[in-house]
Amino acid sequence: MAEKQHLNVALIGQGFMGRTHSNAWSQVRKFFKSPVTPVMHTSYGMPQEEPQVFAQKWGWQNVSTDWQATVRSAEIGLVDVVTPNHLHATVAKAALAAGKPVSCEKPLSDNLADAREMVELARLAKVPTFVWYNYRRCPAVAYAYKLARSGALGTIRHVRAFYLQDWADESVPLIWRFQKEVAGSGSHGDLAAHVIDMTRFVTGEEIVEINGAMFETFIKQRAVLTKVSGGGIAGGTQGDARAMAPVTVDDAVLFICRFEGGAVAHFEATRMATGNQNRNGFEINGTKGSLKFNFERMNELEYYDATGPRGIQGWRTIMCTHAPDHPYADAWWPDSHGIGYEHAFTNTASDILRVLGGQEPVVPIPDFADAFKTQRVLEAVTLLAQEKHCIRLDQVK
Ligand code: SOE
């Protein structure tokens, strides 16, 4: 049998997404029959992130101390960017200039201008690009996409989308996620971006206008740490607080908008919704049916079929683990054995390899141009929120 082409992957960045991507590149060859074989060739991390320890733990063959040389290396076939948001463009542009395919964590960038330049350079470079909006590859979300494409929803009238977390209390120091110059925004680009992408994906429609928007920063100052170790969402909270400094991003964002097919929509994202630890999802109401997804029950999709006799209509819970009906189910375990957060990243790695091997992804994977549309929604919401439109009730006589 012909030897499959090998693809040397270079991971630029570490942290939480460095861990999810490393796990995906190490797992994908065990669970998927990919047209190209990924090799965990080189990883790059900042000196203070202990890059040697990271590479050894996750199985990267080489450790780079010069990411520019790495992305230019003739050995590298894919550059995978997992830096903080403000560096996505810097690394991606260098990789594109070297003619390398690039996969990048979401959001595309911390600002629209850089995102636009990334799209243009990708177009000129004529290489595949990918953005890891991982939640598209929860089988339940991918199946929602297929149900919507089948016409099961009819004309979509309402979209409700949410991404609610509750980790950002006063004890969390001023990590990069709270610094505008690094993250670009807070819950907006970090969380709302996911459900903007998710609802664009499932409805198949673009958002065409923003009709109201508000940001809120509840905790105005946070402790400046001398040392923050790697780790989960909060980036580790060890270290000794030296002083307090202002938070320059949102803790919460809400906005209302309209989709191109006429649906009206409400979005909400926050890091301070006590009791909601990673609750993202949607409810999409159409003339023939509705769908509900909640990531905290990620194997399940709620479906309401409004086409049958009214007397037997009701919400049904579909366990999206049955091959071949449910996307990716054939790669994992038998019915109702369930998968988790990490598996959506492995599903994403598999689809990247399918595209690089000349095959179609199981469901569409955003390239830079697609992810730019989500970035434009982020920007439009920010612009409207800055106008601070509101009617105070004490003004209403
Ligand atoms: C932090 O809020 C975060 O790690 C997001 O950045 C991820 O995209 C999400 O999957 C989990 O929460």
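Student: Why is the meeting of the side chains of Asp190 and Lys106 called a salt bridge?

Tutor: A salt bridge requires a side-chain nitrogen of Lys or Arg within 4 Å of a carboxyl oxygen of Asp or Glu. For Asp190 and Lys106 the N to O distance is 3.2 Å, so the pair satisfies the rule. This is a predicted model, in which local features need pLDDT of at least 70 and side-chain atom pairs count only at pLDDT 80 or more, while totals for chains, interfaces and linings use all residues. Residues are numbered from 1 along each chain as its sequence is written, and side-chain values use heavy atoms, leaving out hydrogens and water.

Student: How do you know where domain 1 and domain 2 lie?

Tutor: Domain bounds come from an automatic or database domain assignment. Here the assignment gives 5-134 as domain 1 and 139-297 + 299-339 + 367-384 as domain 2. Their centres, taken over C-alpha atoms, are 24 Å apart.

Student: What makes a residue part of the contact, and how many does each domain give?

Tutor: Contact means heavy atoms within 4.5 Å. Domain 1 gives 28 residues and domain 2 gives 28 residues.

Student: What is the area buried between domain 1 and domain 2?

Tutor: Buried area is the accessible area (1.4 Å probe) that two parts lose on being put together, summed over both. For domain 1 and domain 2 the value is about 2300 Å², with 70% from carbon and sulfur atoms. In domain 1, the residues losing the most area to domain 2 are Phe31, Leu112 and Tyr133, together 28% of what that side buries.
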